[in-house]
Amino acid sequence: MKHNKTINSTSFVIENGTAVLTCNTEDEDLPDIWWYFNNKRLILNDRMTLSEYGQTLTIMPVKREDSGAYRCEMWNPFLVHTSNSFNLVVSYGPEEIKILPKHVHGQIEVLLKKKLILECWANSQPPAQYIWQVNGSSISGNSGNTYTISQASWEHAGTYTCVAMNKVANTTISTKITVKVIEASGGSSLSGGTITVIVAGVVGGVVLIGALIYFQFILEPAGEVLDETHLNYQ
């Protein structure tokens, strides 16, 4: 004959912390207690300890491979009491973050006026939440693991950062790539910072042209006047 018992614990435990599972035996005499993990008799490892009568199972430090279904059975000469299954979830991450498609030296190229979909993935339990940043600024409405550029223009060139968060473990990780916009012919391209250089070059060119005009139309005529004055004096 079997009677249900319960296991007291917290469903989410952060990796490298401590998990404590207690088989609730109420006020009965303490008989033999067996523990099961994923429907198999639990084999203790060096991170697991049992209390004197086996009522409490302690896992320290708890690892992600300890996630699963636990239950306990209480035996006495007349009855077998079996607890309901308890699902322990070990929270970890995010870790091993990456951005797709595959990039070379942290740079992804996209053809002008073509579509680009960036995907961000991180190993995490529970699944990570994502935020995208473009050139250091968060973009509203882009909180999923994908970022879509429907039609690439020169303004889309820059640095794209993916931030992955695990609110249970209270941890955050990020990675970034550079998007380079190129023409189909390969004749020109722009990446983050290029526009500034071009503007500076144009301003420099204007200054240079102004200097040439000054020398040609101001200094040269003045020189001619000096030469004529010198000749008249002679």
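In this predicted model, Arg 71 lies over the face of Tyr 36, at 4.2 Å from the ring centre. A similar arrangement turns up with Arg 64, whose charged end sits over the ring of Tyr 92, 3.8 Å from the ring centre.

Arg 64 has other partners too. Its side chain meets that of Glu 15 in a salt bridge, with 2.9 Å from N to O. Glu 15 is in the loop between β2 (12-14) and β3, while Arg 64 is in the loop between β7 (56-59) and β8, so this contact ties together parts of the chain that are 49 residues apart in sequence. Arg 64 also makes a salt bridge with Glu 95, this time at 2.8 Å from N to O. That pair links distant parts of the chain as well: Glu 95 belongs to strand β10, and 31 residues separate it from Arg 64 in the loop between β7 and β8. Put the shared partners together, and Glu 15, Arg 64 and Glu 95 make up one network of salt bridges. How open is this spot? Glu 15 counts as buried at 17% relative accessibility, whereas Arg 64 is partly exposed at 27% and Glu 95 is partly exposed at 23%.

The structure holds 4 salt bridges, and another of them pairs Asp 66 with Arg 47, with the closest N and O atoms 2.7 Å apart. Here the loop between β7 and β8, which carries Asp 66, is linked to the loop between β5 (40-41) and β6 (48-50), which carries Arg 47; the two residues are 19 apart in sequence. Both ends of this bridge are tucked away: Asp 66 is buried, with a relative accessible area of 3%, and Arg 47 counts as buried at 15%.

Next come the disulfides. A disulfide is a covalent bond between the sulfur atoms of two cysteines. A search of the whole structure turns up 2 of them. One joins Cys 23 to Cys 72, with 2.0 Å from S to S. The torsion about its S-S bond is about 75°, so this disulfide is right-handed. Since Cys 23 lies in strand β3 (residues 19-24) and Cys 72 in strand β8 (residues 68-75), the bond ties together parts that are 49 residues apart in sequence. Cys 23 is buried, at 1% relative accessible area, and Cys 72 is buried too, at 0%.

The other disulfide is formed by Cys 120 and Cys 162, whose sulfur atoms are 2.0 Å apart. This link is left-handed, with -95° about the S-S bond. Cys 120 sits in strand β12 (residues 116-125) and Cys 162 in strand β16 (residues 158-166), so the bond ties together parts 42 residues apart in sequence. Cys 120 counts as buried at 0% relative accessibility, and Cys 162 is buried with a relative accessible area of 0%. With the bonded cysteines numbered in sequence order, the pairing reads 1-2, 3-4.

What about the nonpolar interior? In soluble globular proteins, nonpolar side chains tend to be buried together. The largest nonpolar core here has 22 residues, and Leu 118 and Tyr 160 have the most contacts inside it. Several strands supply at least two residues each, including β10 (86-100), β13 (129-134) and β17 (171-182). The largest share, 4 residues, comes from β12. Leaving aside neighbours within four places in sequence, Leu 118 is in contact with a long list of residues, among them Ile 99, Ile 108, Trp 132, Tyr 147, Tyr 160 and Val 179. Apart from this core lies another, of 17 residues, including Val 13, Ala 19, Tyr 70 and Met 74.

Aromatic rings pair up as well, and the search finds 4 such pairs. Trp 34 and Trp 75 form a tilted one, 4.9 Å centre to centre with 40° between the planes. It connects strand β4 (residues 32-37), home of Trp 34, with strand β8, home of Trp 75, across 41 residues. Trp 34 is partly exposed, at 29% relative accessible area, and Trp 75 counts as partly exposed at 31%. In another pair, the rings of Tyr 147 and Tyr 160 have their centres 5.5 Å apart and their planes at 65°, so the arrangement is edge-to-face. Tyr 147 is in strand β15 and Tyr 160 in strand β16, 13 residues apart. Both of these tyrosines, Tyr 147 and Tyr 160, are buried. Together with Trp 132, Tyr 147 and Tyr 160 form one aromatic cluster.

Methods:
Residues numbered from 1 in each chain as written. Predicted model: local features only at pLDDT ≥ 70, side-chain atom pairs only at ≥ 80, totals over all residues. Heavy atoms only, no water. Disulfide = S-S within 2.5 Å. Buried < 20%, exposed > 50% of the residue type's maximum accessible area, 1.4 Å probe, protein only. Core = buried A, V, L, I, M, F, W, Y, C linked by side-chain atoms within 4.5 Å. Contact = heavy atoms within 4.5 Å. Phe/Tyr/Trp six-rings, centres within 6.5 Å; stacked < 30°, edge-to-face > 60°. Lys NZ or Arg CZ within 6 Å of the ring centre and 35° of its normal.
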